[in-house]
Amino acid sequence: MSRYPLTLSPVRVGPHMLKNRIITGPSTMHCLSYGQPYPTEAAMRYFESRARAGAGLVTVAGVSVGPATDDGIHTCWDLFKPNCTNALAELAERIHFYGTKAAMELLAKFPDGYAVSDGALRMNGEPGREIPTDVMEQVKDWFAADAAILRSLGYDAVMLEFGHSLPVAQFLSPLTNRRTDRYGGSTENRCRYINEIVRAIRGESRLGHAHRRADLGFRIRGRGDRPRRGAAHSGVHPG
Ligand SMILES: Cc1cc2nc3c(=O)[nH]c(=O)nc-3n(C[C@H](O)[C@H](O)[C@H](O)COP(=O)(O)O)c2cc1C
C-alpha cells in the first residue's frame, strides 16, 4: 500500500465524505437474486460484505431503468414496487452501518428492438433499429425518475452505466452512432443525449442544491472510436 499512501485516507467527493478511497465496482446480481424483483438476502450479504471489508463506497447492481424485466442476466429489481423498495432501502442501510456510502448503478436497455442506429447491436447481440426521439425522451424520463427514487431510498449516489457499449454508450462512438439528426455526427452531437439525461436527473432530483454536484458517477469507455477484439463489445458486427 506504500505506493498508494492516500488509499486509506478520507476524501471529500462533492457533498460526500468517503472514509477512504476504495470504491467497489457494480456487479449484476441476477444469479444471487434468482430473477426476483428485489435484493434477496444472498444479494444483500454480497454487497454488505464489501462494506464490512472496509470500502469507502460500495456500488450496487446495475439496475435497468424503466419497467423491471427479467432478461435472465441482469439485475431486475423493481425500484417502485413497495415491498421491493423496502428491501432496497434495507440494503442501503446495511451498507451505511459500516460508515460506507452506497451508490446504485443505472443502465438502460432500449425497448422494442431499438438501438442508437440501424444495425448497431442490442444487448442480446441482435442488430437493432434506430431509436426515435420520442422513445429517447421516455428512456430519459426513466433515468430521472429512477435516480430520484434511489435518493429517497437512501442511496448517496447513482452511477450511470455509459460504458461497455451498452445502448446509451453507443451514442458516443462514431462506430455505432450513424445518426443524421442532432444526436449524430460531431462529438458535441454524440454527447448530446448523455448530457440531456444528466440534466434530466439533476432537474428531477429532490436533493437540495448542495447535493446536486457530486451524486453522479459515470462509466465510459476510454477508446470508443476503435473496434475492440470481440466486436460485440464495440456494439458493431464483426467484419
Ligand atoms: C459477475 C460480474 C458482473 C458484473 N456486472 C457489472 C454490472 O452490472 N455493471 C458494470 O458496470 N460492471 C459490471 N461488472 C464489471 C465490474 O464492475 C468490474 O469493472 C470488472 O469486474 C473489472 O474489475 P475487477 O478487475 O476488479 O474485477 C461485472 C463484473 C463481473 C465479474
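User: Hi! Which residues does A103 touch, not counting residues up to four places away in sequence?

Analyst: A103 touches L57, T59, V60, Y155, D156, A157, V158, M159 and G217, leaving aside residues up to four places away in sequence. Touching, or contact, is when the C-beta atoms of two residues, placed from the backbone, lie within 7 Å. This is a predicted model, where local features need pLDDT of at least 70, side-chain atom pairs count only at pLDDT 80 or more, and totals for chains, interfaces and linings use all residues. Residues are numbered from 1 along each chain as its sequence is written.

User: Cool. New topic: how many residues does helix α2 have?

Analyst: Helix α2 (residues 41–52) has twelve residues. Helices here are DSSP runs of H or I with at least four residues, numbered from the N terminus.

User: And which residues of α2 are buried?

Analyst: A43, M44, F47, E48, R50 and A51 are buried in α2. Buried means 20 or more other C-beta atoms lie within 10 Å of the residue's own, exposed means 12 or fewer, and partly exposed is in between, with C-beta atoms placed from the backbone. Seen down the axis of α2, the buried residues fall within an arc of 150° (taken from the directions from the helix axis to the C-beta atoms), so they line one face of the helix.

User: What about the other side of α2, buried or exposed?

Analyst: On that other side, E41, A42 and S49 are exposed.

User: What covers the buried residues of α2?

Analyst: The cover includes β3 (23–24), α1 (30–33), β4 (57–64) and α3 (82–96). Strands are DSSP runs of E with at least two residues.

User: Last one: what comes just after α2?

Analyst: That's G54, which takes a positive phi of about 115°.

Technical notes:
The expected span of a helix is 1.5 Å times one less than its number of residues.
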